[in-house]
Structure formats: structure tokens, C-alpha cells
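Colleague: I'm new to reading models like this one. Could you walk me through the labels and how they are justified?

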Amino acid sequence: QVQLVESGGGLVQPGGSLRLSCAASGSIFTIYAMGWYRQVPGKERELVARVTSVGKTSYADSVKGRFTISRDNVKNTVYLQMSSLKPEDTAVYYCNAEPIYYSGQYYSGSWGQGTQVTVSS
């Protein structure tokens, strides 16, 4: 019920920074908890960072202190600011809206199409 489009991926050197954006449309964005996931070929999709509808954030241990998730409910956009990037951060990054029951209505979750982040010299 919410459509997500990621952008901002690309090639960056180790130690560099990158900001990913996830633009949402088609539903009530503010009620969703939002997350950033990443996936490499042959591996399970991994939760990287999460922000609830009230702004509480959490992070995977592997990115704590380096990544910051934030949301702008006016722009209907979620961001992932990535700093001190490492080669092991290389992956396709996906934005996710978690399903939720709100005011007696079930709102299904959704995934963005993904954006490639490559950390390499």
C-alpha cells in the first residue's frame, strides 16, 4: 500500500560516505516503521537500520556508529547516511516499510527496488 523508490547508491572508496534516500508514496507514510536492509548474492537480506513511526532508531552491530537512519515525514522520505564505509558494506540496499495494523485496518508492507552500493578502491 506504500510504494518505495531508493536512490543514492554508487561507487565509493573505503572510508568514504554516501547517503541513500527512500521516497515513499501511495499511503500514509507516517504510520510505518521503516528499515534499510542490504543483500549480497547468495546471502540472506540483512537488516541494517530501522526507525519507528515515532522516530526510535536501531542498528545492526556491524554499522553502529557509522550509519544513521532518519525520516522526514513532510517529504515522505527515509534516509540512510553511511560513513566510514568498508568493502564489506558492499551490497544492494533496500528500503522497507513494515506492515502495520492502524485504526482497524491492515496496511501491507513493501520493498523498494534496491540501490547498489559498492565500496572499493
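Modeller: Sure, let's take the labels one at a time. This is a predicted model, where local features need pLDDT of at least 70 and side-chain atom pairs count only at pLDDT 80 or more, while totals for chains, interfaces and linings use all residues. Residues are numbered from 1 along each chain as its sequence is written, and side-chain values use heavy atoms, with hydrogens and water left out.

Colleague: What makes Cys-22 and Cys-95 a disulfide?

Modeller: The rule asks for a pair of cysteine sulfur atoms within 2.5 Å. For Cys-22 and Cys-95 the S to S distance is 2.1 Å, so the pair meets the cut-off of 2.5 Å. A search of the whole structure finds 1 disulfide. The pair links distant parts of the chain, with Cys-22 in strand β3 (residues 18–25) and Cys-95 in strand β9 (residues 91–97), 73 residues apart.

Colleague: Why is the disulfide of Cys-22 and Cys-95 called left-handed?

Modeller: Look at the torsion about the S-S bond: it is about -85°, so the disulfide is left-handed. Both cysteines, Cys-22 and Cys-95, are also buried, meaning under 20% relative accessible area (exposed is over 50%, partly exposed in between, with a 1.4 Å probe and protein chains only).

Colleague: What are the secondary structure totals of the protein chain?

Modeller: It comes to 0 helices and 13 strands. Both are DSSP runs, numbered from the N terminus: helices are H or I with at least four residues, strands are E with at least two.

Colleague: How do you know that β7 and β8 pair?

Modeller: Two strands pair if DSSP finds at least two bridges between them. Here 6 bridges join β7 to strand β8 (residues 77–82), so the rule of at least two is met. These strands run antiparallel, and in β8 the bridge partner of Ile-69 is Leu-80. They form a hairpin with 4 residues between them, and Asn-76 in the turn has a positive phi of about 55°.

Colleague: Which side chains of β7 are buried, and which are not?

Modeller: They alternate along residues 67–72: Phe-67, Ile-69 and Arg-71 point to one face and are buried, while Thr-68, Ser-70 and Asp-72 point to the other and are not.

Colleague: How do you know whether the radius of gyration agrees with a compact globule?

Modeller: We take it over C-alpha atoms, and the globule rule is 2.2 Å times the number of residues to the power 0.38. With 121 residues, a compact globule would be near 14 Å, and the protein chain has 14 Å, so the two agree. Buried residues make up 41% of the 121.
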